[in-house]
Each structure stands twice: as structure tokens, then as C-alpha cells.
Amino acid sequence: MMRDSECTLCKLHQTTEVVCQWGFGPKNADVMVVSKMPNSGNYQSLIEDELVNAGLDMGRVYFTAATKCRTFDQDAKNPQIKACRPYLEEEIQRVKPRWILAFGNEALYALTGHSGITNYRGQVLAQQEYNVVATVAPGSVTRNPGQKSGWQADIQFFVSQVLGRPDSISIPKISAIRTRQQLKTLRKLLRNVHTISYDIETTGDTELSSDAAIVSLAGTCITNEGKEVVWALPLYHPESPFRNSWRKVLKYIGPDLVKIKKQIAHNGKYDAKWLRHFDVNMGVSFDTLLAAHLLDENRVKGLKPLARILLGVPGWAIKTKDLLNTPLRSVLRYNALDTYYTYHLYKIFRQQLIDQPRLLRLYKLMIMPANEDLIGTEMHGIWIDRERLDNAIKISFDMRDAIDEELMHHVPEAGTMGWPVTAKGRPVEVNFNASNFLRWWLFDYLGFPVLERGKDKENGDLGSPSVREAVMLELKQSQVDHPNYEVIKLLMERAKWQKYCSTYVTRYDALRDEDDRIHTTFKLFGTVTGRLSSGKEDAEKVTGGKTNLRGVNLQQVPRDPFIRGLFGAPPGFTFVEADFSQVELRVVAFLSRDKTMLGIYQRGEDIHAATASWVLGIPQSKVSKEDRKKAKAVNFGFVYGMGAKKFVSTAFEKYELVFTLGEATDIRRAFFDRFRGLYSWHNRQRRIVQQYGRVQSPIGRVRHLPDIYSSDQGVVAEAERQAINSPVQSFASDMNLISMILINREFVRLGIKGQCLGLVHDALNFEIHNDHLGLALPIIKDTMENLPLRKWFGVDMDMPIISDLKIGTHWGDAKELTVEEVYNFGTLI
DNA sequence: AGTCAGCGCGCG
DNA sequence: AAAGCGCGCGCTGACT
């Protein structure tokens, strides 16, 4: 196959200026660079500079493209990439490169068939006759400068692979513990070390499943004489000499293991939970993942990419999903290298933290103590009322099925004209979820108007008609006279029950342990602002798998008492929710120094009620709960940079309120007239992020915003809004985290039987023994309202902070306590 | 049977 | 010219 300037294999030839442009470079090159399309001068020199900097000789590089047509303004979609592949294959056959560097998703797809550049970048993807390393496209780096450092690291990695450079850290000698004698020696060693970096390999998804076992345990130890020793201990692996006695072996070395002063791990909460489950009370005094995140919240945090980028070591991955069928030798080597590289990352991150004392303080005072507390929270779990759950499951399914039955009356016979078919040509099943069937039925068959569409398809077709809630709401208001009007109302009601069935009640049931508790994972590295995220352990994220999934998101339990009322405290205990009142807006007032806002809080008023009374023109005493909720959307939206247009849509979608664009513009203007200080604060944040490329919360948590240097105005504006929001969201959630730590400490000190069950951004949930409520409630409230911010961080919070407490047998029906009740609980009952 | 992207919606 | 911020996850349909 030769270059064909008349090529019509795909539609791109219709719109391109150059059809089928061949690559260039020496015909015997052993390195090939493949990008999205024949590169423009700018990108070409950007790439060449990077490669030369990394030490690659351009004389051995051939440059070409995934699709051979020049298509500046449009992306080539997968069908077009496929159509163009023969040309690329022909080129590869001729040049015969050993190494190929792929830029962007299109090149990745053309070379490997994978898509999803963020998942595949920066690693060797071995193909038949050559190796591929992929990274993001140069265009995406200029658009999002935040990607630049990762992009450079990928290119450096590629070049070091091509050149076969010696690794900067040599692979250590690993002692495999295979005999009783060696086990004894290991125990002796453990008694003589002050630092260990440790890691385990496990059988399954969760330590709570009945067949859970630890396959191997490894460590990198530093002896009191300063010697590094790397060892790996086989446990449950089939080839392990300790296969049948692995728990005894663990028990044998456990006491010496836990006594080691410095315990380092990467995402150690995971390992610590497993070890504690098997009675080895291991801790984490330095977590390299958490350090990496605190130092740069945007970076990749996996051990492998960190080791690649910072230590320059080659990959050492094995298939961790199938450890029991992997030779023991490989498992032990893998396990040991994890600990060895973790130890070296520790040395780097420790130094970086020492160089940034504010971050070091956050790390020592907040991050690591919180990590320890969360181990307890996750292992303890949250109690779910089984009787209520059984009932809720029944009702949810009954309601949904009853609605389905109603809806079926409006469904014609299968195979009616136009009824959608599967790829194989069979008629699809009736499906009232957002499916092809529903779209056909609603818009074609029943004839409701299409109000909104999703993104256009890859082949250029129009996007599918949207059936999202806002669209249904619009139909509900505008189609009253439609003969099938009731279908709309039924579908909206159905969506709620369907979500309950699929996402909540059945999940809760599947995840409940034998003590009716649900365990989730709280990530301290899940968000760029420092909030926690909640859900599954990364290791347990298996797509398609329906069984044995641990972790539900405890931060998105619907407020509907029907669902929230399922969670609670077991008999003898009380559920307590402690909520920071309007904390983000208090922080906004604190940071912006806006006089009106400061006044509202200093007078002890409620800002949402104040806004509601102001917008509606009624006295604050007449503001209803609903009005206040609406005002909340106004406050948060405008404070964080929402425009009038977005305000119109959220007001309708969330509250069914109709504003014209003009009215919204007026409200927005009036809002900033009222809170003038917000203007200058917004501008200040913009200046700071423009100048430094980052912003900080009052206690020093950093948000890096390299996108501020983008050439795209939209991207810049986004970074500016993030610069406004981040310090607020970050500070508010850190206040919550610090509260948890201090409350736990106080509980321990006073022997209070109380357990923190989790954090929901600006709220803490507890389960407290009934006998200790009188003592615990004031501790919770006092701690949250009087955080040692001045002592710990030199921050003077001249702003009243209020914590509202609710108690009940269940989360969903917890009742708010008055201040009086909080402080006199013991005597009031 | 597993993987992936897009959509949509739960929470703060 | 216009632009709220921060998350996790279930379902569908296309693909391998």
C-alpha cells in the first residue's frame, strides 16, 4: 500500500487540506513518534525539544501520524482511525521501529486498540514487534499547562527505556524467608530495627470475606546500625512453606513488627486494616501516598508511577488479581520491591515536607492522625437497621414494579413500527431506564417533543435525546394536555425508586456484614481540595463485578428519611450528627472581610435566611424552610462565580423557580452590591493565582492551578473560580477533620464509649453509648466550636463557629438539640 | 464476559 | 462572549 492522495477510506478527505500525508525521518529509525496527525511546526518542535532534552538523538527518530489527513478542527473518531490503520501498519513494516512513542488518544488507539490515555500513559505497552509508550498530546499540554510535568516525565521515561539507561536505584538483594530458621532470624532482625517500610499482598477484595488471606508480607528495614535489609515472607501462597500455618507465623512475628518505631507504607490504611483484622496491630507513621498528595494534589499517586518518575526505576508489575497462580518467586520479588521503593520515596517526600514547614505541620498534626482515626472508623463500620432495610427493599421494588405495570399500559406490542433493535437485529426489551427503548417510546411513539440532546455521536449523528430529570420537569409543565401526560409523572416517580433499588437498598443489603454493619473506605487523597471521598477501595474497583464489593459512598446517602433512616446506632447506643453550621460561608466572610457578611455572623444571624428575606422582600421571621433552601443555592452559586444564565437553569432544575435572564442578572448585580467585599476578594484570589499559579487555605493547604497559564480563556476562567473556591472548601473540610481528631482524643482520654462513623464534608457522625451521651455531647460541640487554630497554625478565626447537634436512634430521624439540651443532657433525661 | 465512555444523579 | 466548586457510582450501549 502506498500513499494515496485520492484516498476515500474515511470521510476525513472531504474536509482536509492535505489527504494522506506520509511521515518523515530515516528509513532505518529504531524509534517512531506517532501523533494525532501530521504535526504542525509548533508541536513538532515542542516534541523534538523534549526528546533532545531527554537525551535522544534525532537521527534515529521517524515521525508520523495516526491518521494521515490534516484535520485541525476535528478529531478523528475511532472508525476513521481504523480506516487509516493500513497506512500506519505499512509504515511500521517499512521502518521497523523497536520503540514507539504515542501522543494522544488517537495514536494510542491506532497502535494498541486501547482508549483512555490517562489510564495507559507512561508505561510500556508491549506489542508484537515493538514497545509503545503513550502520553497526552502536545496540544492538550499547551491547553492545560497543568499536564506539562507529567508529560515531560512520560517522555523522559520513554527515552530512558530506549537508551536502556542504568536505573538510578539498583535493585536490592531480597531475602526470601523460607525456613523456620530464617523466620527466627527475621524476628531477631525486627527487634533491632527502628524503621520499616511494609506492604502485604492479599487474596481478595476485602479482609472481611470468609476466604480472605494474606498471601505474603514484605519489608524494607533499617537496622540500628543503619543497614538496609529487604525481606519477603510467604504466607498463604500455595508454594509457601507456611501455607497452612500462616496465621501462626503472623502471630509469631507480629509483636515485634508492631513495636518498630517508624512504620512507613504506601496507602498504609489498607495494609493496616488487613493486618489488624488478623490481630497484628500495625500502624502507619508515614504514608508516602498521603505525603505525595499533600505536596501536589494533582500528581499521579500510584506507587509505580511515582517510582518511575521520581526514582527512575523500571516497572515491576505482576498480575495482582491472580496472585495465587503467580509463581511465589515473582510474588515475593514484587512485594519486596514495593516496600523498597516506598522507602526511597519516603526519603524524598520527607525532605520535601521538611523544606515546607507549613505542609509538614499539616501532615503531622492532621493528615497522619486522621489516617489513624479513619482506620478505626472503617473497621467499626456503620450500623444499619436490618428490619427497616428489609422493609425498604420490599417497598422500593414494589413501588417501582407497580409503576412499571402502569407504564406497560401505554406500551404497544413488541415489534411495532420503529421499535429499536439490538446490534444483532433483535427487538430490544422494554426498559424504562434511560435506554434506546425509552427514547423511542417517549419521543417517537408517544410523540413528546425532544427538548435536549446529548453530545453528537462519533460518526457525526445527533446525540441521543436527553431524558434527564430537568427535561422531564419541563415536559411535566408544558405537556399537560398531552394524551399520555401521566406517563411523564410516572417516569419521574419511577426514577426515584429505581435509584433507591439499584444504588441504595440492594447495595446496603449486599454489603452488610454479619453484625449488620457497613464498611466504607474514606480516602484522604481523593480530592484536590482536601475533602475526603468515600467509596470502594481502589483495589476493589472491578467493573462489571456485582459481588463482594465493599464500600458504599456514605457521603451521598439520600436525605429522604426513607433511606437515611436505615442507618443508625445499635441498641444501647445513640446516633449523633454534628454539623458545622454554614461553615463555608463563614469562611468566605472570614477571608473576604465583607462587612455585610461579617455583620450577619457577628450578630448571630443566618445568612441563608437573610438572603431569602432580602430576595423575597419579607422579614426574616417570615422566611420558610423552603425559602431558606432556595437562598442557599443563590448564596453558594454567586459566591463561587456563577453567572446569571446558570442561575436561571439551577433555579428551575432544583426548585422549579422560573426567572428570566434579565431578572437573574438583576439579582446577581444586587447580590454583589449587597456583599461588596466579595468583589475585591475574588479579584485578590485572581491576582494570587495569576502570580503564583497556586492558592493556599489559611492553614496552608495548597491548591496548584497551573491551568491559569493556559492560552484558552475558558480554562483560565475555570482556574480562577477554583482559586476562589479552593481555600474555602479546603479550610472548612480541614476544620471538620481536625474536629474528628480532637474529639476522638478526648473520648479516649475520658474513656467515653463513642465511635466516629464518618465525615460528610462539614459534618461528623458518631455512635455514642447511651450512658456517655451527657459527657460526649458537650465535648463534640465545644471541640468543633473552639478549634486550636491559633495555637496550631497561627490563624485567628474572628468568626463565631457553630456546631449543630442532632441525635436519634437513626440518622434519618435524628432531632436537633438546643444548646441547653446539649449541655444539660445528663440532667434533662 | 469484561472494558470503556457518556450520562445522569446522589451528597456537601 | 461566557464560565459556581468538590466528589462516586449505576446503567446503557458499543466494543473486543
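In this predicted model, Lys 269 and Glu 378 form a salt bridge whose closest N and O atoms are 2.6 Å apart. The pair ties together distant parts of the chain: Lys 269 belongs to helix α9 (residues 268-277) and Glu 378 to helix α13 (residues 357-380), with 109 residues separating them. Are the two partners buried or exposed? Lys 269 has a relative accessibility of 5% and therefore counts as buried. Glu 378, with a relative accessible area of 3%, is buried as well. This contact also belongs to a network of salt bridges that links Lys 269, Lys 273, Glu 378 and Glu 537.

## Other salt bridges

Side chains of opposite charge can pair when their charged atoms come close. The count for this structure comes to 34 salt bridges. Three of them, including the pair already described, are listed below.

| Salt bridge | N to O distance |
|---|---|
| Lys 269 and Glu 378 | 2.6 Å |
| Glu 89 and Arg 85 | 2.8 Å |
| Arg 512 and Asp 509 | 3.0 Å |

How many residues apart are Glu 89 and Arg 85 in helix α2? They are 4 residues apart in that helix (residues 78-95), so about one helical turn separates them. Both side chains have some access to the surroundings: Glu 89 is partly exposed at 39% relative accessibility, and Arg 85 is partly exposed with a relative accessible area of 21%. In the pair formed by Arg 512 and Asp 509, the aspartate is partly exposed, its relative accessible area being 27%.

## An open sheet of six strands

Strands of a sheet pair through backbone hydrogen bonds, either parallel or antiparallel. Here 6 strands make up an open sheet with mixed pairing, and their order is β6-β9-β8-β7-β10-β11. At the edges stand β6 (174-176) and β11 (286-287), each of which pairs on one side only.

The pairings can be followed from the β6 edge. Strands β6 and β9 run parallel and are joined by 3 bridges. Ala 176 has Ala 232 in β9 as its bridge partner. Strand β9 then pairs with β8 (residues 214-223) in the antiparallel sense, over 7 bridges. On this side, Ile 222 has Glu 228 in β9 as its bridge partner. Strands β8 and β9 form a hairpin with 4 residues between the strands, and in this hairpin Gly 226 takes a positive phi near 90°.

Further along the sheet, β7 (residues 193-202) and β10 (residues 262-265) run parallel, with 3 bridges between them. Ser 197 stands opposite Ile 264 in β10.

Why can strand β9 be described as largely enclosed by the rest of the structure? The reason is that 6 of the 7 residues of this strand (residues 228-234) are buried.

## Two surface patches

The surface carries a patch of positive charge where Arg 180, Lys 184, Lys 188 and Lys 248 gather. Which helix supplies the largest share of the positive patch? Helix α7 (residues 180-190) does, with 3 residues. Lys 248 lies in helix α8 (residues 246-258). The relative accessible area of Lys 248 is 67%, so this residue counts as exposed.

A second patch is nonpolar: Val 300, Ile 309 and Leu 310 together make a surface patch of about 210 Å². Among these residues, Ile 309 is found in helix α11 (residues 303-311). Ile 309 is partly exposed, since its relative accessible area is 36%.

## Positive phi angles in two loops

Two residues that are not glycine have a positive phi angle. The value is about 60° for Asp 516, and near 45° for Gln 582. Where are these residues placed? Asp 516 lies in the loop between α17 (485-511) and β13 (517-518). Gln 582 is in the loop between β17 (573-580) and α19 (583-592).

A residue counts as buried when its relative accessible area is under 20%. Asp 516 has a relative accessibility of 14% and so counts as buried. Gln 582, at 12% relative accessibility, counts as buried too.

Notes. Residues are numbered from 1 along each chain as its sequence is written. Chains are lettered from A and ligands numbered from 1 in the order in which they are written. This is a predicted model: local features need pLDDT of at least 70, side-chain atom pairs count only at pLDDT 80 or more; totals for chains, interfaces and linings use all residues. Side-chain values use heavy atoms; hydrogens and water are left out. Patches are made of residues with over 30% relative accessible area and no salt bridge: like charges are joined within 9 Å, nonpolar side chains (Val, Leu, Ile, Met, Phe, Trp, Tyr) within 5 Å. Accessible areas come from the Shrake-Rupley method with a 1.4 Å probe; for residues, only the protein chains shown count as cover. A salt bridge is a side-chain nitrogen of Lys or Arg within 4 Å of a carboxyl oxygen of Asp or Glu. Lys and Arg count as positive and Asp and Glu as negative; His and the chain ends are not counted. The place of a charge is taken as NZ of Lys, CZ of Arg, CG of Asp or CD of Glu. Helices (H or I, at least four residues) and strands (E, at least two) are DSSP runs, numbered from the N terminus. Buried means under 20% relative accessible area, exposed over 50%, partly exposed in between (1.4 Å probe, protein chains only). Two strands pair if DSSP finds at least two bridges between them.
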